[in-house]
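Student: I am new to this structure and should like to be guided through it by questions and answers. May we begin once it is on display?

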Amino acid sequence: MPGSITLITGGMFAGKTEELARRIERVRIVSQMGRTERAIVFKPTRDTRRERAGERMDPVRVERPADILPLAEGYTVVGIDEPHFWNEPEEAEEVRRVCLALARGGTEVLVSVLNADFRGRPFLVGGLLFAIATDIVLRNAVCTACGADASFSQRVAGGQDTLQVGNGDAYRPCCVRCFKDPPTA
Ligand SMILES: [Zn+2]
């Protein structure tokens with residue numbers, strides 16, 4: 001049977017990692033009941049933040065996306081948390097290849113990925129994964145200005161780099177109306 005590629009996406013503070021953790025935990029609970037499902041989670045070493053929800057999954061940190069394949073052997077469910085840190089074209093392509101290879105081998109792949117950068121534009125890897133996903137779960141945060149559903153991540157501190165490893169203080173969730181376009185690079 002073919003596997004699947006489920007994309008869990010949305011802005012910052014939308015609970016993407018929590019949703020991934022919930023699904024991984026579910027698999028680990030049933031595996032303790034003697035079922036054959038086994039789950040493992042990977043994340044880029046570049047993401048140095050410590051998130052409670054993420055750490056609960058005990059993720060294996062890998063330098064490159066291709067490192068995932070040998071380590072994923074024997075697992076029926078493979079989670080990838082925050083692959084947008086692999087944003088170089090060849091890295092993003094590698095994430096795509098890894099997800100396809102796993103799914104073709106029958107693995108259930110769960111990917112938690114930001115919907116957009118702070119400019120409201122897709123990450124390269126997000127676009128590639130969107131195109132091969134078999135299921136997409138969109139989570140919204142709450143707009144800190146008006147309380148509506150928030151799908152944008154407004155950067156309120158820091159520079160203009162697309163990738164900025166920061167704590168939650170550098171961003172706040174915004175709805176489509178409250179989001180202000182950052183200056184163009
Ligand atoms: Zn708003």
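Student: Leaving aside its neighbours within four places in sequence, with which residues is Val-111 in contact?

Tutor: The model is a predicted one. Val-111 belongs to the largest nonpolar core, where it is among the residues with the most contacts. Once neighbours within four places in sequence are left aside, its contacts are Ile-5, Leu-7, Ile-8, Ile-80, Pro-83, Cys-99 and Leu-129.

Student: How many residues does the largest nonpolar core have, and which element supplies the largest share of this core?

Tutor: The core has 43 residues, and Ile-24, Cys-99, Val-109 and Val-111 have the most contacts inside it. Elements that each supply at least two residues include β1 (4-10), α1 (16-32), β4 (77-81) and β5 (108-114). The largest share, 6 residues, comes from α4.

Student: In what order do the strands of the open sheet stand?

Tutor: The sheet is formed by 6 strands, and their pairing is parallel. β3 (60-62) and β6 (135-139) each have a single partner strand and stand at the edges, so one side of each lacks a neighbour in the sheet. From one strand to the next the twist averages 20°. The order is β3-β2-β4-β5-β1-β6.

Student: How many bridges join β4 to β5, and over how many do β1 and β5 pair?

Tutor: Val-111 in β5 stands opposite Ile-80 and also opposite Leu-7. Another bridge partner in β5 is Val-109, which pairs with Ile-5. Both pairings are parallel: β4 and β5 are joined by 5 bridges, while β1 and β5 pair over 7 bridges.

Student: Which residue in β6 is the bridge partner of Ile-8?

Tutor: β1 and β6 run parallel and are joined by 5 bridges. β1 is mostly covered, with 6 of its 7 residues buried. The partner of Ile-8 in β6 is Val-137.

Student: Which residue in β4 stands opposite Ile-40?

Tutor: β2 and β4 run parallel, with 4 bridges joining them. Opposite Ile-40, in β4, stands Val-78.

Student: Why is β5 described as largely enclosed by the rest of the structure?

Tutor: A residue is buried if 20 or more other C-beta atoms lie within 10 Å of its own. On one side of β5, Glu-108, Leu-110, Ser-112 and Leu-114 are buried, and on the other Val-109, Val-111 and Val-113 are buried as well, so that both faces are covered. The strand is therefore largely enclosed, the number of its residues that are buried being 7 of the 7.

Student: What angle does the direction of α4 make with that of β5?

Tutor: α4 packs on the sheet and touches β1, β4 and β5. The angle between its direction and that of β5 is about 155°.

Student: Within what arc do the buried residues of α5 fall, and at what angle to β5 does this helix run?

Tutor: The buried residues in α5 include Val-125, Gly-126 and Leu-129. Seen down the helix axis, the buried residues line one face, because they fall within an arc of 100°. Their cover includes β1, α4 and β5, while the face turned away carries the exposed residues Gly-127 and Ala-131. α5 lies across β1 and β5, and its angle to β5 is about 145°.

Student: Is Gly-120 buried or partly exposed, and how far apart in space are Gly-120 and Phe-152?

Tutor: Gly-120 is in the loop between β5 and α5. With 17 C-beta neighbours inside 10 Å, it counts as partly exposed. Leaving aside its neighbours within four places in sequence, Gly-120 is in contact with Phe-152 and Phe-179. Gly-120 and Phe-152 are 32 residues apart in sequence, and their C-alpha to C-alpha separation is 6.4 Å.

Student: What radius of gyration does the chain have?

Tutor: The chain contains 5 helices and 10 strands, and buried residues make up 39% of its 185 residues. Its C-alpha atoms fill a box of roughly 50 × 35 × 25 Å along the principal axes. A compact globule of 185 residues would have a radius of gyration near 16 Å, and the chain agrees with this, having 16 Å.

Methods. Residues are numbered from 1 along each chain as its sequence is written. This is a predicted model: local features need pLDDT of at least 70, side-chain atom pairs count only at pLDDT 80 or more; totals for chains, interfaces and linings use all residues. A nonpolar core is a set of buried Ala, Val, Leu, Ile, Met, Phe, Trp, Tyr and Cys residues joined through C-beta atoms within 7 Å. A residue is buried if 20 or more other C-beta atoms lie within 10 Å of its own, exposed if 12 or fewer, and partly exposed in between; C-beta atoms are placed from the backbone. Two residues are in contact if their C-beta atoms, placed from the backbone, lie within 7 Å. The arc is that of the directions from the helix axis to the C-beta atoms. The radius of gyration is taken over C-alpha atoms; the globule rule is 2.2 Å times the number of residues to the power 0.38. Two strands pair if DSSP finds at least two bridges between them. Axes are lines fitted to C-alpha atoms, for helices over the stretch in contact, and angles run from 0 to 180 degrees between N-to-C directions.
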